[in-house]
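Got the viewer open and a selection box ready? Here is a stop-by-stop tour, with something to pick at each stop.

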Amino acid sequence: MLELYQFELSQYSEKVRLILDYKELDYRKIEVTPGVGQLELFQLSGQSKVPVLKDGDTVISDSTAIAMYLDRKYPDKPIIPTDPKERGLCLLIEEWADESIGTKSRKVVYGALSQNPDFRKSVLPNQTPDLLKTVVGSVPSEFLDILGFGVGCGTDAVKEAKDGLKQDLEALSLLLLDSPYLVSNSPCLADFAVAGLSLLLKFPDGNYLDIPQQYQGKGIPGLADSNLYETFFAWRDRIYADYRKPLVSDSPSDSQPTSIEID
């Protein structure tokens, strides 16, 4: 069985999960616990970032490389168009989503985490002990603001990223007004990239992630709850309803992530 080394709330991991589900491939999720050096993942793949896919003796890192591998190795239900113009547009949107939505949303989410203790606790896995949730929620916002400035997530950077995301979501909403998908009449890599990378802007409304139920369908104020982007999030909800497999509580080996500690 395919093995996906992931973080549950990694946008890039979600991009790969969407593709795996669309292609109806069985896989096991292995949750990588962040730690100093992430040694085990580095030993497996030669780098320490998720997602990493293991297919027998083959190990692939990077969500785009994984997508390309899956389309070559498992060609049923292809995600890369064969028409040259559609292929070019698909690859262009996928790359843009990685670099624009993926990068900006991390900054915006950090801003939300620093200001909202409840949202901060919501991104922790369900198995997190209550004591740790309390500790995480009690970290002063002022401390996180100072820390964020040091890692490029200060107040100005967060505002700039949020403004950029508003433009991105408006553009996507306009493109989807009278189109079922971003490139053609069938879903492709561009659709799964955009849907997956918008994960942190608004959690999917359904049992797709290992998060508390009350946070399903919730997201960043001013983005997730704005009627300006209803078209986009309605489209994304349809992508999930049509192609993403919900978690199955009685099949932990297949749906719930298996954790590995990395020190």
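## Before you click: confidence

Color by pLDDT, the predictor's confidence in each residue, from 0 to 100. The chain averages 85, and 78% of its residues reach 70 or more. Select 142-151: pLDDT is below 50 there, and beyond near neighbours in sequence this stretch has twelve contacts in the model (contact means heavy atoms within 4.5 Å). Then pick 250-254, where pLDDT is also below 50 and the stretch has four contacts beyond near neighbours in sequence. Where pLDDT is low, the predicted coordinates should not be read in detail.

Some ground rules: this is a predicted model, local features need pLDDT of at least 70, side-chain atom pairs count only at pLDDT 80 or more, and totals for chains, interfaces and linings use all residues. Residues are numbered from 1 along each chain as its sequence is written, and side-chain values use heavy atoms, with hydrogens and water left out.

## Stop 1: the whole chain

Switch to cartoon and you should find ten helices and five strands. Helices (H or I, at least four residues) and strands (E, at least two) are DSSP runs, numbered from the N terminus. Of the 263 residues, 49% are buried. Buried means under 20% relative accessible area, exposed over 50%, and partly exposed in between (1.4 Å probe, protein chains only). Among contacts with a separation of 6 or more, 71% are between residues 24 or more positions apart.

## Stop 2: the core and H9

Select Leu-70, Val-194 and Trp-235. In the largest nonpolar core, which has 60 residues, these three touch the most other members. A nonpolar core here is a set of buried Ala, Val, Leu, Ile, Met, Phe, Trp, Tyr and Cys residues joined through side-chain atoms within 4.5 Å. Strand S1 (2-6) and helices H1 (11-22), H3 (63-73), H4 (84-115), H8 (155-175), H9 and H10 (230-243) each supply at least two residues. H4 gives the largest share, eight residues.

Now select 189-197, which is H9. Nine of its nine residues are buried, so the helix is largely enclosed by the rest of the structure. Asp-191 is one of those buried residues, along with Phe-192 and Val-194.

## Stop 3: the charged network

Show Glu-14 and Arg-17 as sticks. Their side chains meet in a salt bridge of 2.6 Å, N to O; the cut-off is a side-chain nitrogen of Lys or Arg within 4 Å of a carboxyl oxygen of Asp or Glu. The two are three residues apart in H1, so about one helical turn separates them. Arg-17 is buried at 0% relative accessible area, and Glu-14 is buried at 0% too.

Add Arg-244, which meets Glu-14 in a salt bridge of 2.9 Å, N to O. This pair links distant parts of the chain, 230 residues apart, with Arg-244 in the loop between H10 and strand S5 (258-261). Arg-244 is buried as well, at 4%.

For another pair, go to Arg-238 and Asp-242, whose closest N and O atoms are 3.9 Å apart in a salt bridge. Both lie in H10, four residues apart, about one turn of the helix. Arg-238 is partly exposed at 29%, and Asp-242 is partly exposed at 45%. Back at the earlier group, add Asp-21: salt bridges that share partners join Glu-14, Arg-17, Asp-21 and Arg-244 into one network.

## Stop 4: Glu-31

What does a buried Glu-31 pair with, if it has no salt bridge? Find it in strand S2 (27-33). Its nearest side chain of opposite charge, Arg-17, is 5.8 Å away. (Lys and Arg count as positive and Asp and Glu as negative; His and the chain ends are not counted.) The side chain of Glu-31 does make a polar contact of 2.7 Å with that of Gln-6, and one of its polar atoms lies 2.7 Å from the backbone nitrogen of Glu-8. A polar contact is a pair of N or O atoms within 3.5 Å; within protein, one must be able to donate a hydrogen and the other to accept it, and residues adjacent in sequence count only if both atoms are side-chain atoms.

## Stop 5: backbone oddities

Most residues other than glycine have a negative phi, and most peptide bonds are trans. Select Val-50 and Pro-51: the peptide bond between them is cis, with omega near 5°. Finish at Asp-62, where phi is near 85°. Asp-62 also caps the N-terminal end of H3, with a side-chain oxygen 3.0 Å from the backbone nitrogen of Thr-64.
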